[in-house]
Amino acid sequence: MSQVLKVASLDSAHARMGSVVDARVARRNKTGLLSKEDQELGTGLAVTWLGTSSSCPMHGRNVSCTLVRMPEAMYIVDCGEGSQRQIKTAGLDVALTESIFITHLHGDHCFGLASMLLDIDEAKARAIAEVGPNATMCGVASADAAEPPARPLTHVYGPVGTSDLLRVSLMLTGQYARMKGQVVMVELVTSEEEAHPPQATSDSMATRLQKMPSLWSPPKPKSYGKQGYVADREIYWELPCAHAFVRAAQLQHRLQAWGYVFVEKNPAMAPAQRRKAVILGDAIDSAPIAPHSAGADLLSHDFMKLRL
C-alpha cells in the first residue's frame with residue numbers, strides 16, 4: 001500500500017487500525033506534528049485522517065475530518081469541531097485547500113465549517129502577500145505583472161441546507177466581515193429537475209425543502225425502521241475540481257448523506273494509472289456509491305459497532 005497511496009492519521013485509534021496497512025501510518029514527532037515523511041507527498045497522493053470519533057471528540061480522537069492531499073491542492077471531507085486545530089497540529093498548509101465536501105449535516109461532521117473557511121481565507125491572503133507579483137497561487141496567476149495573483153475561490157459542496165448552516169454561522173457571530181475571499185456553495189440535490197445554476201435565494205431551508213419532493217421519496221422500506229429518509233440509488237453528480245475528478249453519490253443514513261470519489265487528474269507516478277480514493281461518512285448502506293467506487297486504491301468507510 002505504501003507504494004500506491006500514502007496514508008497517515010492524527011487519530012490514535014485509527015492509527016492502530018491502519019498500521020496493518022502501512023507501517024508508516026501516524027508517526028508524530030515530539031511536538032505532535034505529523035512526521036516530515038508523512039507531511040511530504042512521496043507518491044503524489046495522500047489521505048490523512050484528522051478525526052474518526054463518533055458524535056463527540058474523545059481523548060486522542062477528534063470528530064470527523066479527512067484530507068485528500070495532492071501536490072497542487074488539498075481537499076477536505078467533513079469539518080467537525082476542532083478540525084481547524086487538527087490541521088494546524090498536523091503542520092499542513094490550509095492555503096492549498098481548493099474545496100470542502102460535507103457528507104451530511106450532523107454536527108460532528110459540519111460544526112467546524114465556518115471556522116475552517118475563515119482560516120482558509122486568511123491563509124490564502126497571507127500566501128498571496130508572500131508570493132508577490134508575477135506569481136501563481138493555487139493555480140491562479142496574476143493578470144497584472146505589478147499585482148499579486150487574485151485570491152482563489154474556495155468551493156464547498158454538501159447536502160441541501162449546508163449554505164444555511166454557513167450563512168447563519170457567519171452572520172450571527174459577526175464573522176462574515178472577516179471573510180474577504182469568495183466562497184462558492186454548491187448543494188447536492190437528488191433530482192436533475194431540482195438542479196439549477198447559481199442564484200441568490202432568500203428562502204429558508206424549510207421552504208426550500210418543501211419545494212424538493214424527491215428529498216423524501218420513495219416511501220421508506222419497512223427494513224429501515226422509524227427513519228424516513230431513503231437514499232437515491234441512481235443519481236450522482238460530477239463535481240468540477242481543478243486537480244481531481246470528483247464524483248458524489250448518496251449513502252443511506254437518517255438524513256441526506258453523500259460519499260465522495262476522488263481520482264487523480266495528473267498522476268504523480270506516471271505512467272501509472274490514475275489512483276482513486278473513496279471517502280464515505282456515516283452510513284448503514286453504501287450500496288448507492290458502490291458502482292462508482294469500483295477499483296478504488298483506498299476506501300475510508302464508516303464502522304458502527306453492532307449490537308448482537
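**Exercise 1.** In this predicted model, list the buried residues of helix 6, residues 162-172, and then state which residue just after helix 6 takes a positive phi.

*Solution.* Begin with the cut-off, since a residue is called buried when its relative accessible area is under 20%. Applied to helix 6, this picks out Thr162, Ser163, Asp164, Leu166 and Leu170. Then step past the end of helix 6, where Gly174 has a positive phi of about 75°.

**Exercise 2.** Determine how many residues of strand 3 (residues 65-69) are buried, and work out how they are divided between its two faces.

*Solution.* Count along the strand, and five of the five residues of strand 3 turn out to be buried. Next, separate the faces: Cys65, Leu67 and Arg69 lie on one side, while Thr66 and Val68 lie on the other, and both faces are covered.

**Exercise 3.** Identify the strands that pair with strand 3, giving the direction and the number of bridges for strand 2 and for strand 4.

*Solution.* Take strand 2 (residues 46-51), which runs antiparallel to strand 3 and is joined to it by five bridges; here Trp49 stands opposite Thr66. Turn then to strand 4 (residues 74-77), which is also antiparallel to strand 3 and is joined to it by four bridges, with Leu67 opposite Ile76. Finally, examine the connection, where strand 3 and strand 4 form a hairpin with four residues between them.

**Exercise 4.** Describe the open sheet of five strands by its order and pairing, and name its edge strands.

*Solution.* The order is 10-11-12-13-14, and the pairing is mixed. The edge strands, each pairing on one side only, are strand 10 (236-239) and strand 14 (298-300). From one strand to the next, the twist averages 15°. At the strand 14 edge, three bridges join this strand to strand 13 (residues 276-279) in parallel, and Ala277 has Leu298 as its bridge partner.

Conventions:
Residues numbered from 1 in each chain as written. Predicted model: local features only at pLDDT ≥ 70, side-chain atom pairs only at ≥ 80, totals over all residues. Heavy atoms only, no water. Buried < 20%, exposed > 50% of the residue type's maximum accessible area, 1.4 Å probe, protein only. Pairing = 2+ DSSP bridges. Axes fitted to C-alpha atoms, helices over the stretch in contact; angles between N-to-C directions.
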